[in-house]
2 protein chains.
Amino acid sequence: MSGAILVLSGPSGAGKSTIIEHSSNQIGEYYFSISTTTREPRVGEEDGVDYYFVSKEEFEDGIRAGEFLEYAIVHGNYYGTSLKPVNEALSMGKLVVFDIDVQGHRLVRTKMGRLVTSAFITPPTLDELKKRLYARSTDAVEIIEKRIQNAKEEIKAIDEFDFVIINDTIEKASAQFTTIANAARLKLSEKELKKLIDDWENPPI
Amino acid sequence: MSGAILVLSGPSGAGKSTIIEHSSNQIGEYYFSISTTTREPRVGEEDGVDYYFVSKEEFEDGIRAGEFLEYAIVHGNYYGTSLKPVNEALSMGKLVVFDIDVQGHRLVRTKMGRLVTSAFITPPTLDELKKRLYARSTDAVEIIEKRIQNAKEEIKAIDEFDFVIINDTIEKASAQFTTIANAARLKLSEKELKKLIDDWENPPI
């Protein structure tokens, strides 16, 4: 069986990474997609772990060569997902997990079709999101406020997602995530479906 | 949380009821939708268990009153799904399971939108289906052959379904069904999504 794709979106502060970590023993082998960006690494960020850091020229060469599954410009920097590692993970039968925004979700869904399952993860309320962002963050107030504005925009796209996970308790949210991830893994590609129908009437000997 | 809908389709002989029975302890409370028909009850069939048996006039009154979620005429008899018990089960938060054909799936999906998850269940090969139908059936050969012809038609609609379950072993097929049913239960209706977004920005006090 080939792999499948699980797209997670939702505001920064929704707890996406915590949920994935908490569920990682229950969801089988997966590949967490690492984005490529032209922005400068921040202190503590590692190339190939947090992002693939590349130059603007490299990124634009990649765009021209059709190497990106999706990309966007945010605050003057490119962010994108390279197709190659995704296809490699899929061919190994892995579940590929994306943490991308609602715009990225639209592009991945268009390009990868049936293989995609998606979930929007959010804290129960806007107030709770604000609390979490202010409590955890060492970022400047204007960056936090920008994230809150983004969250208010992104939640409007919630009906484009297959599932919604309200992260009020980590146990409940992780259990839902596990259920969704295990179902996502059962998705078949167009190619697999075609082969299935062919083999169904005329099984290979 | 309101309920959700799980549509199962697939050839007669695919093992749908066996899979549901085998999984019933793992999928929480569910309501198995009972169809309404104008055909005569067969020996051993009970009204309200196997079908709701009604007259042609009653059925046609129901159609005019908009009481059917979906219906079709097969070999001169009406078969359909009444909306009322489905809506009652949904309002109690139950998972409503349908065993209907690919045509019924299309209609339910159109009318119930986001609440629907669907799976096509099939034996691994056409030969295996033939074996199972001939082994178990007390039906006449022409009825069995008719079912096989139907199966060959129905499998062409496989790409309209969210999931495909190949029933080669009951353990594997039931485990997949359980995963799918538990994910199906997490689906939210349009109304729930709208309320969620409203409450997110302005929580009720």
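**View 1. The four-stranded open sheet of chain B in the predicted model.** In this predicted model, four strands of chain B make up an open sheet that follows the order β4-β3-β6-β5, and their pairing is mixed. The edge positions are taken by β4 (52-53) and β5 (68-74) of chain B, each of which has a single partner strand, so one side of each is left without a neighbour in the sheet. Between β5(B) and strand β6 (residues 77-82) of chain B there are six bridges, with the two strands paired in the antiparallel sense, and within this pair V74(B) lies opposite N77(B) of β6(B). Helix α2 (residues 56-64) of chain B packs on the sheet, where it touches β3 (36-37), β5 and β6 of chain B, and the direction of the helix makes about 135° with that of β5(B).

**View 2. Antiparallel pairs and a hairpin in chain A.** Strand β3 (residues 36-37) of chain A is paired with strand β6 (residues 77-82) of chain A in the antiparallel sense over two bridges, and T37(A) is found opposite Y79(A) in β6(A). Strand β5 (residues 68-74) of chain A also pairs with β6(A) in the antiparallel sense, here over six bridges, with G80(A) of β6(A) as the bridge partner of Y71(A). The hairpin that β5(A) and β6(A) form has two residues between the strands, and in this hairpin H75(A) adopts a positive phi near 50°.

**View 3. The five-stranded parallel sheet of chain A.** Five strands of chain A, in the order β2-β7-β1-β8-β9, form an open sheet with parallel pairing. Its edge strands are β2 (30-32) and β9 (163-166) of chain A, each pairing on one side only, and on average neighbouring strands of the sheet are turned by 25° against each other, direction ignored. At one of these edges, β2(A) runs parallel to strand β7 (residues 95-99) of chain A and is joined to this strand by three bridges, with V96(A) in β7(A) serving as the bridge partner of Y31(A).

**View 4. Strand β7 of chain B and its parallel partners.** Strand β7 (residues 95-99) of chain B is mostly covered, since four of its five residues are buried. Strand β1 (residues 4-9) of chain B pairs with β7(B) in the parallel sense over five bridges, and the bridge partner of L6(B) in β7(B) is V97(B). Strand β2 (residues 30-32) of chain B likewise pairs with β7(B) in the parallel sense, over three bridges, placing Y30(B) opposite L95(B).

**View 5. The largest nonpolar core and the surroundings of A119(B).** The largest nonpolar core comprises 78 residues, and those with the most contacts inside it are I5(A), A119(A), I5(B), L95(B) and A119(B). When neighbours within four places in sequence are left aside, A119(B) is in contact with L8(B), F161(B), D162(B), F163(B), V164(B), I165(B) and I180(B).

**View 6. The contact between chains A and B.** A rotation of 180° with 0.0 Å of shift along its axis superposes chain A on chain B, with an RMSD of 0.0 Å; the two copies are thus related as by a two-fold rotation axis. The same surface serves both copies, in that 100% of the contact residues of chain A recur in chain B. Across the interface, 21 residues of chain A are in contact with 21 residues of chain B. On the side of chain A that touches chain B, at least two residues each come from α5 (126-136), β9, α7 (170-184) and α8 (190-201) of chain A, and the residues of this side divide into 14 nonpolar, four polar and three charged.

How values were computed. Residues numbered from 1 in each chain as written. Chains lettered and ligands numbered in written order. Predicted model: local features only at pLDDT ≥ 70, side-chain atom pairs only at ≥ 80, totals over all residues. Least-squares fit on C-alpha atoms with pLDDT ≥ 70 in both. Contact = placed C-beta atoms within 7 Å. Pairing = 2+ DSSP bridges. Axes fitted to C-alpha atoms, helices over the stretch in contact; angles between N-to-C directions. Core = buried A, V, L, I, M, F, W, Y, C linked by C-beta atoms within 7 Å. Buried ≥ 20, exposed ≤ 12 C-beta atoms within 10 Å, placed from the backbone. Nonpolar A, V, L, I, M, F, W, Y, C, P; charged D, E, K, R; others polar.
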